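Open the model in your viewer and keep the sequence panel beside it. The stops below say what to select and what is there.

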Amino acid sequence: MTSLSINRKVQDTLGRNVRDLRISVTDRCNFRCPYCMPAEIFGERYEFLKREEILSFEEIVRLARIFVGFGVQKIRITGGEPLVRSDVANLIDDLASIDGVTDLAMTTNGFLLPRYAQDLKDAGLDRLTVSLDTLDEEVFKLMSGRPYGPEKVLEGIEAAHDAGFSPLKINAVVQRGVNEQTIVETAEHFRGTGDIVRFIEFMDVGSLNDWDLSQVVSGKEIIDLIDSKFPLEPVDANYRGEVASRYRYVDGCGEVGIITSVTQPFCGDCTRARLTTEGRLVTCLFATHGTDLKSPMRSGASDDELSEIIERVWMARRDRYSELRSAKTDMTSVQSGREKIEMFRLGG
């Protein structure tokens, strides 16, 4: 194995560089959200990946270094629920030491943050995003697939603040007929705290959530609901490729974000590569397959050889699924025959 520092940019067929790497460190989760891991499928008998089937921390760090050589600066740890993987703070510590990584983040459901927030901060994690779809106790039970309310997640958010994470991003998936009536309550709860709620249109990620266009509450509807009580105005993006459209409260009490992958897709600026739990390189959230990096790595491939695989895949990339999906009036024509990779192995 050689120690490689490529330091060159690669572009896909649409001229997009690779700048962001999202790494799913486990396919397991302590929640059973119906839009990701419905309980009727992922019950006690469901067989998750065995330890030997998932990437070790050493393998993750090795691949991350190679991606940084291609221009990746931002790394996000996802799952499943990343905090259910043992000693994940050790992985954070190793990734934070990679020269060239300027932004190291994690997405979590927050349930285990009271225990781990300080360890993550001490290890070098820069930012946290917490998934919290609603503050309503009964709706939370429905959307998390668990028999308890959001109190533990709210404790996790406070623990993250105490550890020095600020601001937090709070991700809320909005599903018509389920939690759209709690949008304003969620926005109001975090208004003035410095944390930024990002409302996400219900997306057709994976193949198990029975997605239907009628369940999508559009970003415009979400903004109109909040604006009717707390007037908003649009804000410029922080950087090219930012997935959330930004709006700030006119009275200065913070901002919210809207992620409109369904009604206003943003594929044209996508710079994200994804590494699945079992070591596949995936170039789109809605992908049907990935490229195996684990097998050649475990068969003795050098860093140069792994780099050649990554470069070949990225340079051939032509993904713009959301744009194609939104261009269809009959959404089922895009869905038909697509067995997409599930979110819990891919990360959000």
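**Stop 1: two helices**

Select helix H1 and helix H2; the two are roughly parallel to each other, because their angle of about 25° falls under the 35 degrees that sets the limit for that term. The model on the screen is predicted. H1 covers residues 57–69 and H2 covers residues 88–96, and their axes lie 10 Å apart. The crossing of H1 past H2 is right-handed.

Now show the side chains where the helices meet. On H1, pick Phe-57, Ile-60, Val-61 and Ala-64; on H2, pick Val-88, Leu-91, Asp-94 and Leu-95. Of the residues in this contact, seven are nonpolar, none is polar and one is charged.

**Stop 2: the whole chain**

Zoom out and colour by secondary structure. The chain has 12 helices and 12 strands. Of its 348 residues, 55% are buried. Take the contacts between residues at least 6 apart in sequence: 74% of them join residues at least 24 apart.

**Stop 3: the sheet**

Hide the helices and keep the strands. The 12 strands make an open sheet with mixed pairing, and the order to follow across it is S7-S8-S9-S6-S5-S4-S3-S2-S1-S10-S11-S12. Which strands stand at the edges? They are S7 (232–235) and S12 (291–292); each has a single partner strand, so one side of each is left without a neighbour in the sheet.

Strands of a sheet pair through backbone hydrogen bonds, in either the parallel or the antiparallel sense. For a parallel example, select S5 (residues 169–174) and S6 (residues 196–201), which are joined by six bridges. Within this pair, Ile-170 of S5 stands opposite Val-197 of S6.

**Stop 4: strand S10 and its neighbours**

Next select S10, residues 272–275. Are its residues buried or exposed? Arg-272 and Arg-274 on one side are buried, as are Ala-273 and Leu-275 on the other, so both faces of the strand are covered. In a regular strand, side chains alternate between the two faces of the sheet.

Add S1 (residues 20–24), which runs parallel to S10 and is joined to S10 by four bridges. Leu-21 has Ala-273 of S10 as its bridge partner.

Then add S11 (residues 280–282), which pairs with S10 in the antiparallel sense over two bridges. Here Arg-274 is partnered by Val-282 in S11. S10 and S11 form a hairpin with four residues between the strands. End the tour at Gly-279 in this hairpin, where phi is positive, near 90°.

Methods:
Residues numbered from 1 in each chain as written. Predicted model: local features only at pLDDT ≥ 70, side-chain atom pairs only at ≥ 80, totals over all residues. Heavy atoms only, no water. Pairing = 2+ DSSP bridges. Axes fitted to C-alpha atoms, helices over the stretch in contact; angles between N-to-C directions. Parallel < 35°, antiparallel > 145°, perpendicular 65-115°, else oblique. Left-handed = near helix turned anticlockwise from the far one by under 90°. Contact = heavy atoms within 4.5 Å. Nonpolar A, V, L, I, M, F, W, Y, C, P; charged D, E, K, R; others polar. Buried < 20%, exposed > 50% of the residue type's maximum accessible area, 1.4 Å probe, protein only.
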